[in-house]
Every structure is written in C-alpha cells, then in structure tokens.
Amino acid sequence: MWSYWEQEYFIGKVDLLVIGSGIVGLSAAIEYAKANPQAKITVLEAGVLPSGASTKNAGFACYGSPTELLHDLSQESEEQVITRVKKRIKGLENLKSLLGEGNIGYENHGSYELFGSTQQDSFESTLSRLETLNKTLRNTLGFDPYHRDDQIVSSSGFQHTIGAISIQGEAQINTGLMMKNLIQLAQSLNIQIWNGIKVESMEESNSNININTVQGTISAQKCIVATNGFAKQLLPELDVKPARAQVLITQPIPNLKFKGTYHLDEGYYYFRNVGNRVLLGGGRNLDFEGETTYDMALNPHIQNQLDRLLCDQILPGTTYEIDQRWSGIMGTGQTREIILKTLSPHLIVAVRLGGMGIAIGSLIGREAAQLTQTG
C-alpha cells in the first residue's frame, strides 16, 4: 500500500494510466500528453524493460511478403487485406514522423522473400500471381511492390534456395534505439514510467477506474490496456493469446555477403543483418501449442531448427558464432484484426497486433489515445 508521501507526491490523481510500456503504450501516452499538456500521465510496466515484444523483435519495418498476403487473400476479402496493408504503411510513416528516421535506425537495404529447394511449386505459384497481387496493391502503395529477383541468391551466397522475390518499400530499424528514444520522448513530456509494477485487477466506479497492483491502488480517469499478448491475464473475455517467437543473433561476421530483410515460409522465418551480424527468428509453426505461452523461455526444438537454417541455407561455409538467444511474446487471436476499442467510459484496450508491432504499434497507440477523448 502507498504511504501518505507516495500518494501525495508520486501517485496523486491520474488523468491517464497506461498499462504496458511497449510501442503501443508509450505512443498512446505521448499522443495524450501532446493533446493534454497539463495532464498527469502514468505508464505501468511489469518488467524491468518493456516485457512483451517491443524490445525483443527483429526490427522489420514491413507490410507483408507475397506468400503471406496471398495466404491472407485466400482466407479474407480483398478489402480486409488491403485495409490491413494500408494501416501498416500508415503506421510505419507515423513511427518515422514521431521519432525521425535517425532515431529509429531506419535503413533500407532491400527486402526479399526467399524460396527453399523444396518450395518449387510455391515459388512458381507465387510468381504466376505477382501481376495480380501488384495490381491489387498498386493504388494503396503507389507502386508495384513485388518483382522476381534472379541475382540476390547467388550474390548473397545462400544455398538450397531456388529463387527470390524483392519487396519494395520495406526496411529495417534498430529496435533498441527506437524504444530508448520513445522512452526519452515520453519522459520529456513529463510522463511517469514505473517499471516492475504488475497490475492484478481493475475496478470501475462512476467517476474513475481503480488499478490494483501489489504495491497499491492507483485511481485514474482513463486507462488504456496495451499489454498485447498478455492482455487476457487482465481481461479474460478478450480473444487474444500469447504467441512466443524464438530469436538468435550471431557474433560479428567479417565480410558478411548480404544486407537487408528476408522472409521465408509465409513469414514464419525471418532474418536480417544487424551491422555485420545476422539476426534470425521464427519457427513458431513447428510448435504452435508449445509457443502459445507466457513463459519467456527458449524452445530447444525451434532453436535447433534455426541453427540448421542458419548453417545450411543462410551462411553455408561461413565461420560464425552465436552471440545471444532470446524469445519475445506477441498477441494473436482467431482473426488478424487488431483489438482497439472502448470497453467502458474509463477503459480502452489496444492489443492483438499479430506480430506487426513495428509497423502498426505507434499508430494504434495514437488511435487509442484519441479514443479517450470520445469515450
């Protein structure tokens, strides 16, 4: 419980309380602060650092590989898929506008989807539909995004790879730099960020919402839940579940042959350069059940598959060492749609980003803050 001093000088009456200090939560707090410069805003974070995926992702500034979007088009209407791509593009522009390209380490070295030696049918099928897919996205993007690339495989030294499709308009960012500058921007606007505080429950009254933590209760006029994959722990009625992703990064590799971002298997695998290191992640499709968890741990089976992919296909014949391995937790559900809505006069939820937090996180945060003005 809070002491008198803590309540009087630290807690006080909060205008907006945000649960989750990732991309969405901080962006929401920043947008609210800009619109309400005198407001008291507090962000609560359960971890020492943002604890879901915001500091653990691969840093892909992307809107979708050809096979991913073709899969979506087989499951959803063209309007739904195009609307989602538009939001991703708009979100990336919002992120660059919010922080500046230099402050997120934005670099465009090219982006590609690769097809392995067992994916001849998929490669040919995708190539046969590129013209239609480009036509579908042309008005949204202002250009044709997808083109066959016959050079990148040989020039990069990839093995067991039969072809590639280039993706225009995708890039990479520096995840750590982005989050560091997002935190600094929030603090410059007098937003309080409290780490190591886990929210246990919420109770509403006619005039406010009480946020109960182990340390004590905080009362706020408005609350935004932005915990993405962890949202169901607070709001069990939501259709959102954790989706863990496995990642590794190598030590620096002299004369690394490639730069850029690369997609494999409908986006279930992805890799990129980080300077002259290689970051590789994915493999959740090998163990959907095991990776539907809140446990931020390593999955040996998936990590072993990442090792094989790195050795056999991405860096064949190259001497390298693995520097670090980690996992991050995203939010998914029965559909690909984001959950962004007002649940009550005091409570807004902005979760289930489906692994596209870099692309859409800052935009969803901004829209969540705008909902506080209309709820």
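This dialogue works through the overall fold, one pocket and one loop residue.

Student: What kind of model is this, and how are its residues numbered?

Tutor: The model is predicted, so local features need pLDDT of at least 70 and side-chain atom pairs count only at pLDDT 80 or more, whereas totals for chains, interfaces and linings use all residues. Residues are numbered from 1 along each chain as its sequence is written, and side-chain values use heavy atoms, with hydrogens and water left out.

Student: What does the radius of gyration say about the protein?

Tutor: The radius is taken over C-alpha atoms, and the globule rule is 2.2 Å times the number of residues to the power 0.38. For 375 residues a compact globule would have a value near 21 Å, and the protein agrees because it has 21 Å.

Student: How should I read burial, and is Thr293 buried or exposed?

Tutor: Buried means under 20% relative accessible area, exposed over 50%, and partly exposed in between, with a 1.4 Å probe and protein chains only. Thr293 counts as buried because its relative accessibility is 18%, and buried residues make up 53% of the 375 residues in the protein.

Student: Which residues does Thr293 touch?

Tutor: Contact means heavy atoms within 4.5 Å. Leaving aside residues up to four places away in sequence, Thr293 touches Pro242, Arg244 and Ile329.

Student: How do the residues lining the second largest pocket divide by type?

Tutor: Ala, Val, Leu, Ile, Met, Phe, Trp, Tyr, Cys and Pro count as nonpolar, Asp, Glu, Lys and Arg as charged, and the others, Gly among them, as polar. Here the lining comprises six nonpolar, ten polar and three charged residues.
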